[in-house]
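Colleague: Could you walk me through this model, one question at a time? I would like to know how you get to each answer.

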Amino acid sequence: MTDTPTSAPENLPAGPGTTPEPIQRGERTGMFGATRGADTTGYGGLRSPILFPGAAVRPYGGDFDAVADALEARVSPEAFVRTVIDRGEMTVVVNREHLPAVARALRDDPDLRFEMCLSVSGVNYPADVGSELHVVYHLMSITHGCRRLRLEVTCPDADPHVPSVVATYPAADWHERETWDMFGIIFDGHPSLTRILMPDDWPGHPQRKDYPLGGIPVEYKGGSVPPPDQRRSYN
Amino acid sequence: MTTDSSMSTDSTVFTATTDDPDTADVYAASGDHAEGRVFNAVGGDWDDIVGDVGSLPEERIVVNMGPQHPSTHGVLRLILELEGETVTEARAGIGYLHTGIEKNMEFRTWTQGVTFCTRMDYVMPLFTETAYCLAVEKLLGITDDIPERASAIRVLMMELNRITSHLVCMGTGGMEMGATTVMTIGFRERERILSIFEMISGLRMNHAYIRPGGVAQDLPAGAIQAIREIIPDLRKGFHELELLMNENPILKGRMVGVGYLDLTGCIALGVTGPMLRSAGLPHDLRKSAPYCGYENYSFEIPTRSGADAYDRLRNRIDEMWQSLAIVEQVIDVLQGRAGPVMVADKKIAWPAQLAIGSDGMGNSLAHIKEIMGTSMESLIHHFKLVTEGFRVPPGQAYVAVESPKGELGCHLVSDGGTRPFRAHFREPSFNNLQAVAALCEGAQVADVIVAVASIDPVMGGVDR
């Protein structure tokens, strides 16, 4: 019996590059999520980063390694930005110029065979400078027992172009139109990229975080309920 | 405006009502345009328009069916190019019911999100709620902590909801073909289940009953007995529907071979649900990727190979029987055991408890007594959780459930706040409506109605 700490491997700090490094997208201030008004709590100076799950480190576990192996064998390595394994879901982030090739490989390779593109959705991260707009594709492989994969590409606000995957996944047609409508992301090569939910002459793209929101006038001395993003809230 | 038929070649005949700026069509007023003659069917005598269109030298006309047309399931707009009675091109125009639910959810707490998303597809609200709650739970990492009883209640509610959704699909679909009795039977049976929903959740639709962490409250006393009592009636009703439809020569004449979409087409267009199963693929997330404990119940996936409107109808009827079988298994599970219906973690679980008082349902007196009378900490806890909500660690999740219309997915992104950073729903109606062109082109106008009804789109879900 000694007082020296045991050196069992599970007690040692992880070596560099062996655990996922989180990605910071913005930061929170204060402790209680209030963003408006003077913070009298004394915690106003607190700053905490918003950390999203980062690039996973091999082995990914489960089926994920087999998917990654098959994909990396089919597509050139510069296509990949990172692979995130989080909450039991695999997200492959690819460079946008390689998206059509990756999508084609995912659909056609017998080891991948993600034959269905179920959903395309946009996400606007204003704090992610240089890649504010993300497009997320949810793919499913019925052949391999409902295996799922999330494909993600990013583009900057200044150049909101992403190649369309409609040629590979016709199902993405309306979903890409919706993403254009809501986020202003232009899908190059889409057969008819028009607004789908908003009226044809609508200005702006409502799901973007910088889209101005309306307040509600109330019949009391010209008062109004402020827009939701300007109300006092704890977020 | 005159209805004299001698005026029918005059281009001003149908503009009388549209001269009024309030009713004028901003896109195409009546009269001659570069693209051709425009007729607006706004009031007046239908025979005039028919006679007028008939006087045109060419057969090809473009008809705007909708957005307000009784057989388009709400505000679906179909743009049909017709060559006589044949549809040469069909396109769907949507967005007339867009209410920005996804954007609204970004300004409400995670729990309040249920109240919004339940209003998307109002015919299957409990599926949207479940998909959303499963996604929140996945983000929180508490998927395995959901009490069994809560999952069983979710299954019970979803399967009852699947029956009501299919009944609406069949009822309205039958009505559109002129079969009023199908509609009255369908809605009569649906009513039985809605009264169960009302008993359990307090509401017939837009329940907000399934909450992140479990369900809003346990089944009230007598609910299981009430379900047991309606099951024989439902059986009788289903059988009546089967007798009325399955071998009905008129119905088969309208539906067999109509709205054909084979397996390749379904996969390419991302079509799931009864449409995919009518093309022969037994794909059902309840079997292939079970959630809420579906692996504990025995049921079958009805599959047919005709890939047409008739086989979809038959699949739906069979699925209702299967759902009823699941309901019977679930109520046996629920009857035997009591237990919590909300996750044990008090930092997430909804603090308020409801109870029936002399003046109806409200906060339970025991709970009010605790927070107002005995424990200041309970009051703070209640207040913080109800007004501010819980925080969800940053990240994204996608969860899909098998809804009556196909895969209903929920993609949620959290930035660590008390509200969703982004909520997106993969609505099966939205996706499946893309198949309209494939289903309708080359068919007759009357087939369009049958084909669209076989998709079972609900515009609340399509437009969100």
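Modeller: Gladly! Two strands pair if DSSP finds at least two bridges between them. Helices (H or I, at least four residues) and strands (E, at least two) are DSSP runs, numbered from the N terminus. The model is predicted, so local features need pLDDT of at least 70 and side-chain atom pairs count only at pLDDT 80 or more, while totals for chains, interfaces and linings use all residues. Residues are numbered from 1 along each chain as its sequence is written, with chains lettered from A and ligands numbered from 1 in the order in which they are written.

Colleague: Let's start with chain B. In the open sheet of three strands, what is the order?

Modeller: The pairing here is antiparallel. β3 (60-65) and β5 of chain B stand at the edges with a single partner strand each, so one side of each has no neighbour in the sheet. That gives the order β3-β4-β5 (chain B).

Colleague: Which residue is the bridge partner of B:Asn64 in β4(B)?

Modeller: β3(B) and β4(B) run antiparallel and are joined over six bridges. In β4(B), the partner of B:Asn64 is B:Ile79.

Colleague: By how many degrees are neighbouring strands of this sheet turned against each other on average?

Modeller: Axes are lines fitted to C-alpha atoms (for helices over the stretch in contact), and angles between N-to-C directions run from 0 to 180 degrees. For a helix against this sheet, α17(B) lies across β4 and β5 of chain B at about 150° to β4(B). Between neighbouring strands, with direction ignored, the average turn is 15°.

Colleague: Which element gives the most to the side of domain 1 of chain B that touches domain 2 of chain B?

Modeller: The domain assignment, automatic or from a database, gives domain 1 (5-93) and domain 2 (101-348 + 390-463) in chain B. Counting residues as in contact when their C-beta atoms, placed from the backbone, lie within 7 Å, 17 residues of domain 1 of chain B meet 17 residues of domain 2 of chain B. The elements with two or more residues on the domain 1 side are β4 (77-83) and β5 (86-93) of chain B. With seven residues, the one that gives the most is β5(B).

Colleague: B:Asp456 caught my eye. Is it buried or exposed?

Modeller: B:Asp456 is in the loop between α17 (445-455) and α18 (459-463) of chain B, and its phi is positive, near 60°, although it is not a glycine. A residue is buried if 20 or more other C-beta atoms lie within 10 Å of its own, exposed if 12 or fewer, and partly exposed in between. With 28 such neighbours, B:Asp456 counts as buried.

Colleague: And what is the phi of B:Arg464?

Modeller: B:Arg464 is in the segment after α18 of chain B. It has 27 C-beta neighbours inside 10 Å and therefore counts as buried. Its phi is positive although it is not a glycine, at about 50°.

Colleague: Over to chain A. Which strands stand at the edges of its open sheet?

Modeller: Five strands make up this sheet, in the order β3-β4-β7-β6-β5 (chain A), with mixed pairing. An edge strand has a single partner, so one of its sides is left without a neighbour; here these are β3 (80-86) and β5 of chain A.

Colleague: Which residue in β7(A) stands opposite A:Leu133?

Modeller: Strand β6 (residues 133-141) of chain A pairs antiparallel with β5(A) over eight bridges. Nine bridges join β6(A) to strand β7 (residues 147-155) of chain A, again antiparallel. Opposite A:Leu133 in β7(A) stands A:Cys155.

Colleague: How many residues of strand β5 (residues 116-124) of chain A are buried?

Modeller: Helix α3 (residues 172-183) of chain A lies across β5 and β6 of chain A, running at about 5° to β5(A). Strand β5(A) is mostly covered, and its buried residues number nine of nine.

Colleague: Within what arc do the buried residues of α1(A) fall?

Modeller: Those residues are A:Phe64, A:Val67, A:Ala68 and A:Leu71, and what covers them includes β3, β4, α2 and β7 of chain A. The arc is that of the directions from the helix axis to the C-beta atoms. The buried residues line one face of α1(A), because their arc is 95°.

Colleague: Last one: what is the omega of the peptide bond from A:Arg58 to A:Pro59?

Modeller: A:Pro59 is in the loop between β2 (47-52) and α1 (64-74) of chain A. The bond from A:Arg58 to A:Pro59 is cis, with omega near -5°.

Note on methods: Two residues are in contact if their C-beta atoms, placed from the backbone, lie within 7 Å.
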